[in-house]
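Student: Could we take a close look at one small part of this protein, and then see how the rest is arranged around it? I'd love a walk-through that moves step by step from one place to the next.

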Amino acid sequence: MDLTVFCLQQVALAKEFESLVKADKRFEICADVVLGLVCFRLKGSNELNQNLLKRITKSRELHLVPCQLSGRFVLRFAICARTTESRHIQQAWCHITQLSFELLQEQPH
């Protein structure tokens with residue numbers, strides 16, 4: 001695959017993931033989507049997002065890398081494999097939302 005096609009594919013997949021995040025009112029996008037990187041978080045505390053990352057990491061299904069943006073704990077979803085397809089984006093989002101649902105159910109109201 002030519003590098004230009006690969007970059008365009010990465011951007012399209014990142015935009016697909018971004019649209020899934022934006023469609024779920026529990027989440028927010030935290031920075032412009034650049035190439036294959038999407039920065040997002042659950043709306044709520046840094047601790048809530050740290051706990052979500054712990055669950056994601058413990059599951060060993062996905063690898064997300066955190067960062068701090070303006071004092072907020074943010075999750076970074078990077079699309080960097082040549083073999084990544086839309087179905088992988090959908091599966092990742094399904095996994096993230098399931099773990100988020102479980103985490104939010106455990107939170108005191």
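Tutor: Let's start with L35, which sits in the loop between β1 and β2. Please keep in mind that this is a predicted model. Most residues other than glycine have a negative phi. L35 goes the other way: its phi is positive, near 50°, although this residue is not a glycine. Is L35 buried or exposed? With a relative accessibility of 51%, L35 counts as exposed, because the cut-off for that label is over 50%.

Now look at what touches this loop. Q10 is in contact with L35 and G36, and also with I79 and C80, leaving aside residues up to four places away in sequence. Q10 belongs to helix α1, which covers residues 3-23. Its relative accessibility is 10%, so Q10 counts as buried. For a sense of distance, take Q10 and I96: they are 86 residues apart along the chain, and their C-alpha atoms are separated by 20 Å.

From the loop, move out into the strands. The sheet is an open one made of four strands, in the order β1-β2-β4-β3, with antiparallel pairing. β1 (27-29) and β3 (65-69) are the edge strands; each has a single partner, so one side of each has no neighbour in the sheet. From one strand to the next, the twist averages 40°.

Follow the pairings one by one. β2 (residues 37-42) pairs with β4 (residues 72-78) through four bridges, in the antiparallel sense. Along this pairing, C39 stands opposite R76, and F40 stands opposite L75. β4 also runs antiparallel to β3, and five bridges join these two. Here L75 turns up again, this time with P66 of β3 opposite. In a regular strand, side chains alternate between the two faces of the sheet.

β3 and β4 form a hairpin with two residues between the strands. S70 lies in the loop there, and its phi is positive, near 50°, again in a residue other than glycine. S70 counts as exposed because its relative accessibility is 81%.

Next, see what lies against the sheet. Helix α2 (residues 46-59) lies across β1, β2, β3 and β4, and it runs at about 35° to β4. Helix α3 (residues 86-106) packs on the sheet too, where it touches β1, β2 and β4; the directions of α3 and β2 make an angle of about 20°.

Let's stay with α3 for a moment. This helix has 21 residues and reaches 31 Å from its first C-alpha to its last, close to the expected 30 Å. Which residues of α3 are buried? They are I89, A92, W93, I96, T97, L99, S100 and L103. These residues cover an arc of only 170° around the axis, which means that they are on the same side of α3. On the other side, C94, Q105 and E106 are exposed. E106 has a relative accessibility of 54%, so it counts as exposed. From E106 to V74 the C-alpha distance is 21 Å, and the two are 32 residues apart in sequence.

W93 leads us to the aromatic rings. There are six aromatic pairs in the structure. One of them joins F27 and F40: their ring centres are 6.1 Å apart, and with 45° between the planes the pair is tilted. F27 lies in β1 and F40 in β2, so this pair ties together parts that are 13 residues apart in sequence. Both F27 and F40 are buried. Ring pairs also build a cluster from F17, F27, F40, F77 and W93.

To close the tour, trace the path back on the screen. Start at W93, one of the buried residues of α3, and find F27 and F40 in the same ring cluster. F27 is in β1 and F40 in β2, and in the loop between these two strands you'll find L35 again.

Notes
Residues numbered from 1 in each chain as written. Predicted model: local features only at pLDDT ≥ 70, side-chain atom pairs only at ≥ 80, totals over all residues. Heavy atoms only, no water. Pairing = 2+ DSSP bridges. Axes fitted to C-alpha atoms, helices over the stretch in contact; angles between N-to-C directions. Contact = heavy atoms within 4.5 Å. Phe/Tyr/Trp six-rings, centres within 6.5 Å; stacked < 30°, edge-to-face > 60°. Buried < 20%, exposed > 50% of the residue type's maximum accessible area, 1.4 Å probe, protein only. Expected span 1.5 Å × (residues − 1). Arc of directions from axis to C-beta.
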